[in-house]
Amino acid sequence: MAVNLLEQLHRGRISGEGPDGYPCRIPGVPGVPILLDIWPQNSYAVFCFIKRGLNSANASVMALRRNPVLSCRRPAESRWLLAKKQRQPRTPSTPPAQAPQRPAWQEVSRFMLLEREVEIQHRPLMLAALQEKVNALADSLRGQTPACSRCAQPMQRHDSEAVSWVALFGRLHTTVVRYRCSACQHERRPLLDLLGVEPGRISGSLARLLALLAVVAPYSLAAQLAGLLLGVKISAMGVWKVVQRLGESAARYSEGMSQYHADSRSEGASTQDAPPVVVLSVDGCRLGMQVRKQRRRRQGDEVLPPLPPVEEGRFQDVKTGVLLWPSERVETSPGRHSLVRRFLVSCLGDADAIFARLYAQLRELGWVGADTVVVIVGDGAEWIWNRATMFVRRCEILDFWHALEHAWAFARLCYGEGSRADRWVHQMAEDLKAGKVEEIIAQLKRMRPNTPELRESLQSLIAYYSEHAGRMRYDEYLRLGYGIGSGAVESAHKQVVHARFRQAGMRWSEAGARRLLALRLLLLNDHWALLDRLPMVSVA
Ligand SMILES: [Zn+2]
């Protein structure tokens, strides 16, 4: 069952139901397992090992796809390095004499019962206490005549209305008086303005807790978590709505920030404490987008037809940038580095959009002073280097692993899988780290491969290294402590985007992805508390 579903999913035949930005779930299909997590700061040897293993495994899978007959052949010994352990012959087990016992449950501990009992008893008390505070506030307004917020005339009492809204501990009730301005007909309900609640909706603090759950888990799971953690019954759709309203607010805030700092008249933070060096790196991937422009609405009991498969081109770029101080990198264990702090910036859209965000964040932090060198680490992508020129004092670095990946491609073609290719690339890695990029290019130019395919691969390697030679002074970058890899941004990008947006079968509307992304960044940048200061906007 699960296998069939997965297979269909890969062929794009399955699509789930759901509103815009609401991830489609496929029943019975667990998340796709991640085979290997390549920690960016792994030692070079580990990197080579993993890389070779992955590439061999990929190559084998591709070969199987092309030629099913191969599947009967035993894979070559040098491949399946990682799979070897699982390929040990199994000894057939003899069935036990007795049928196995059903696993037993234990009694729920006494303290757990006590803890929950108190919680259940006190929930209504909390609600009552909150209701009392609301009543006191309502009483304090009694007899006061508000002034019109438009024309400042005193307003007249118009009518009163019983309203309620839902908070974490339950539903609250009050009566609100409506006032009307006789001059301009403007209406006000001062108690609601004062409380900042919306009649019939959920309270702001509960909304923020639900959004927090949805930022880390798919909507349906977030709704389930709300029940388990908060004791609040809500549908996945209810959580989705909250995210749209708060996410829109967060997204508008960061877009506004970007525009604000893009104007030279705007004031950035003081650059008095700006570091001598700040590292900026960017990475991107594509999100599967929904095919429909409009949200589908169900009429009565009508069953909606499944969504059509994702068409080619129904993807949108999402880019992540990381800002950090190289001086704040600490080695937590040998070969494993972590950062004291980093700032993540992410957005749907093109290169200009992400660089505008990064620039705004740098100004907001006050991290680029007159003498600050901006170190830009990137893969070979042209859009990064084109935008890097916006920083006058900069150092461009081609990600070391990307540089090696190109060497691997040629080595594998030239020497096949095995120790000769390993040694060749290993030597190249050592030479690159020693800053001998010109020597390497000269050496490559002296090679005389004997097939057209090899010659072409060699030419492309030479062209790539020649183009980026100025960004491959790895000895210098290491000496200056700038770092040479884009590992920080790659892991950040996975954390921001892949972990929430690229789960099995998920598809997004532009607005849905943009809003959730804005909220997720608040959490990952440890700015979640800021959300209290942003309004819950209305979204169509
Ligand atoms: Zn008025």
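This briefing walks through the fold of the chain shown above, from its overall make-up to one sheet and a pair of helices. Please keep in mind that the model is predicted. The chain holds 16 helices and ten strands, and of its 540 residues, 25% are buried. Contacts that reach far along the sequence are well represented: counting contacts between residues at least 6 apart in sequence, 69% join residues at least 24 apart.

**The five-stranded sheet**

- Here is a good place to start looking: five strands make an open sheet, and their order across it is E8-E5-E4-E9-E10.
- The pairing in this sheet is mixed.
- Strand E8 (343–348) and strand E10 (394–398) are the edge strands, each pairing on one side only.
- On average, neighbouring strands of the sheet are turned by 20° against each other, with direction ignored.

**Strands E9 and E10**

- Strand E9, covering residues 373–378, pairs with E10 in the parallel sense, and five bridges link the two.
- To find this pairing on screen, look for Val375, which stands opposite Cys395 in E10.
- A second pair to pick out is Val377, with Ile397 of E10 opposite.
- Between E9 and E10 the chain passes through helix H9 (residues 382–388), giving a β-α-β crossover that is right-handed.

**Helices on the sheet**

- Helix H8, made of residues 351–365, lies across three strands: E4 (277–288), E5 (315–324) and E8.
- The direction of H8 is at about 150° to that of E8.
- Helix H16 (residues 510–524) also packs on the sheet, where H16 touches E4, E5 and E8.
- Relative to E8, the direction of H16 makes an angle of about 175°.

**The H11–H12 pair**

- A handy reminder before the numbers: packed helices are described by the angle between their axes and the distance between those axes.
- Helix H11 (residues 419–433) packs with helix H12 (residues 437–446) at an angle of about 140°, and their axes are 8 Å apart.
- An angle over 145 degrees would count as roughly antiparallel and 65 to 115 as roughly perpendicular, so H11 and H12 are oblique to each other.
- From H11, the contact is made by Met428, Asp431 and Leu432, while H12 brings Val437, Glu439 and Ile440.
- Sorted by class, the contact between H11 and H12 has four nonpolar residues and two charged ones, with no polar residues.

Definitions and conventions: Residues are numbered from 1 along each chain as its sequence is written. This is a predicted model: local features need pLDDT of at least 70, side-chain atom pairs count only at pLDDT 80 or more; totals for chains, interfaces and linings use all residues. Two strands pair if DSSP finds at least two bridges between them. Helices (H or I, at least four residues) and strands (E, at least two) are DSSP runs, numbered from the N terminus. Axes are lines fitted to C-alpha atoms, for helices over the stretch in contact, and angles run from 0 to 180 degrees between N-to-C directions. Two residues are in contact if their C-beta atoms, placed from the backbone, lie within 7 Å. A residue is buried if 20 or more other C-beta atoms lie within 10 Å of its own, exposed if 12 or fewer, and partly exposed in between; C-beta atoms are placed from the backbone. Angles under 35 degrees count as roughly parallel, over 145 as roughly antiparallel, 65 to 115 as roughly perpendicular and the rest as oblique. Ala, Val, Leu, Ile, Met, Phe, Trp, Tyr, Cys and Pro count as nonpolar, Asp, Glu, Lys and Arg as charged, and the others, Gly among them, as polar. A crossover is right-handed if, with the strands pointing away from the viewer, the path from the first strand over the helix to the second runs clockwise.
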